[in-house]
Amino acid sequence: MDYVPPIETLELADLYDIINEQFIDYDAQAAMVEAAVNRWGLEGRRALDLGCATGQHARRLAAAGFQVVGIDISPRLIEIARSKAEEAGLSATFHVGDISALDDDEQFDVALSLNYVLSYLYSNDVLWDCLCAVAQALRPGGLFVFDHHCFLPPHGEAPPAEWTEECRLGDVRLVVRHRQHLEALTGMVHDKLAYEFYRGEKLQKSLTSQEVRRVMFPPDLFMHVENAGFTVLGAFERWDLDTPATTPAFVAVAQRPPSSSEAGESA
Ligand SMILES: C[S@@+](CC[C@H](N)C(=O)[O-])C[C@H]1O[C@@H](n2cnc3c(N)ncnc32)[C@H](O)[C@@H]1O
């Protein structure tokens, strides 16, 4: 990384990309969305990015020729998404909005929600509203690409209640401390995060945030997706459509059934 802005003056939303780029392979994720569109033979390239944050996927898809609309509930993240797309000379549209109450009349060929966006919809009613709205926003035959992690440990091992991740941002060492607990009554996992930025051994800045995500088992999620009118085409290892999923952290592709005339044509 060449340039690290003065971390002392920034809030978490401004550090969103700097931190997430250390842990998330956005190139591979965007390439997989494009691969899904190609594999399932969609001709259109209109994409709806649900929970787009700073527009990491949106920018990559726009650069690959997609017309992208990104929606996120955070006004600051949308502001960043707009300015980054503009700086990169890419045309993509970003709206502040709630993905469980989409009011766009446009029809899309593909919708994506990546990096656990669906886990932020905390009740079945809200998840249902979102899935139905996505089905409505897709043209017949359109694809919904979403990832999932059930936020329980794989293979029944006890999760560490506390753990630490580290990365370097130029001459700054970022330590991210997680403290996580599962509230079984509500099915929510509460993750308290502390971000500590060090130069040498000296702590320069610390920030905290709290993430709440819901625990959901894949069969339950797929049941909701299918009830909303989709056909689940497959669940895959992240981010490779050639390898079926073997763990509960996967990416899935679902399809709004093609119209009867299209289905007839391909039969
Ligand atoms: C873990 S982030 C993933 C963001 C982005 N897809 C990425 O990969 O960088 C989850 C995002 O979902 C957004 N979000 C959560 N609930 C939402 C809702 N109901 N409507 C729209 N956005 C929402 C958050 O603001 C956040 O940007």
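# Exercises on a predicted two-domain model

Just after helix α3, Gly65 takes a positive phi of about 100°. The structure is a predicted model, and the exercises below work through its parts in turn.

## Exercise 1: Helix α3

Determine how many residues of helix α3 are buried, and name them.

Solution.
Step 1. Helix α3 covers residues 56-63.
Step 2. A residue is counted as buried if 20 or more other C-beta atoms lie within 10 Å of its own.
Step 3. Seven of the eight residues of α3 are buried, and the helix is mostly covered.
Step 4. The buried residues are Gln56, His57, Ala58, Arg59, Arg60, Leu61 and Ala62.

## Exercise 2: The two domains

State how the protein is divided into domains, and describe the contact between domain 1 and domain 2.

Solution.
Step 1. Domain 1 consists of 7-150 + 216-266, and domain 2 of 162-214.
Step 2. The centres of the two domains, taken over C-alpha atoms, are separated by 25 Å.
Step 3. In the contact, eleven residues of domain 1 meet twelve residues of domain 2.
Step 4. On the domain 1 side, eight of the touching residues are nonpolar, two are polar and one is charged.

## Exercise 3: The seven-stranded sheet

Give the strand order of the open sheet of seven strands, and explain why β3 and β10 stand at its edges.

Solution.
Step 1. The order is β3-β2-β1-β4-β5-β11-β10, and the pairing is mixed.
Step 2. Strands β3 (92-96) and β10 (231-236) each have a single partner strand, so one side of each is left without a neighbour in the sheet.
Step 3. On average, neighbouring strands of this sheet are turned by 15° against each other, direction ignored.
Step 4. Within the sheet, β1 and β2 run parallel and are joined by five bridges; Leu48 stands opposite Val69 in β2.
Step 5. Strand β1 is mostly covered, with four of its five residues buried.
Step 6. Strands β4 (residues 108-113) and β5 (residues 138-149) also pair in the parallel sense, over five bridges. The bridge partner of Leu112 in β5 is Val145.
Step 7. Helix α5 (residues 124-137) packs on the sheet and touches β1, β4 and β5, its direction making about 145° with that of β5.
Step 8. Helix α4 (residues 75-87) lies across β2 and β3, and runs at about 170° to β3.

## Exercise 4: The four-stranded sheet

Identify the edge strands of the open sheet of four strands, and describe how β7 pairs with β8.

Solution.
Step 1. The order of this sheet is β6-β7-β8-β9, with antiparallel pairing.
Step 2. Its edge strands are β6 (162-169) and β9 (202-214), each of which pairs on one side only.
Step 3. From one strand to the next, the twist averages 20°.
Step 4. Strands β7 (residues 172-183) and β8 (residues 188-199) pair in the antiparallel sense over eleven bridges. Here the bridge partner of Val176 in β8 is Tyr195.

## Exercise 5: Leu12 and its contacts

Classify Leu12 as buried, partly exposed or exposed, and name its contacts beyond its neighbours within four places in sequence.

Solution.
Step 1. Leu12 lies in helix α1 (residues 12-23).
Step 2. Leu12 has 13 C-beta neighbours inside 10 Å, and therefore counts as partly exposed.
Step 3. Leaving aside the neighbours within four places in sequence, Leu12 is in contact with Leu207 and Ser209.
Step 4. Leu12 and Leu207 are 195 residues apart along the chain, yet their C-alpha atoms are separated by 7.4 Å.

## Exercise 6: The ligand and the loop residue Asn115

Describe the shell of residues around the ligand, and then the backbone and exposure of Asn115.

Solution.
Step 1. The ligand is surrounded by 18 residues, of which the closest are Gly51, Ala53, Ile73, Asn115 and Tyr120.
Step 2. By class, the shell holds ten nonpolar, six polar and two charged residues.
Step 3. Asn115 is found in the loop between β4 and α5. Its phi is near 70°, a positive value in a residue other than glycine.
Step 4. Asn115 has 16 other C-beta atoms within 10 Å, so Asn115 is partly exposed.
Step 5. Tyr116 is placed in the loop between β4 and α5, and the phi of Tyr116 is near 70°.

Notes: Residues are numbered from 1 along each chain as its sequence is written. This is a predicted model: local features need pLDDT of at least 70, side-chain atom pairs count only at pLDDT 80 or more; totals for chains, interfaces and linings use all residues. Domain bounds come from an automatic or database domain assignment. Two residues are in contact if their C-beta atoms, placed from the backbone, lie within 7 Å. Ala, Val, Leu, Ile, Met, Phe, Trp, Tyr, Cys and Pro count as nonpolar, Asp, Glu, Lys and Arg as charged, and the others, Gly among them, as polar. A residue is near a molecule or strand if its C-beta atom, placed from the backbone, lies within 6 Å of it. Two strands pair if DSSP finds at least two bridges between them. Helices (H or I, at least four residues) and strands (E, at least two) are DSSP runs, numbered from the N terminus. Axes are lines fitted to C-alpha atoms, for helices over the stretch in contact, and angles run from 0 to 180 degrees between N-to-C directions. A residue is buried if 20 or more other C-beta atoms lie within 10 Å of its own, exposed if 12 or fewer, and partly exposed in between; C-beta atoms are placed from the backbone.
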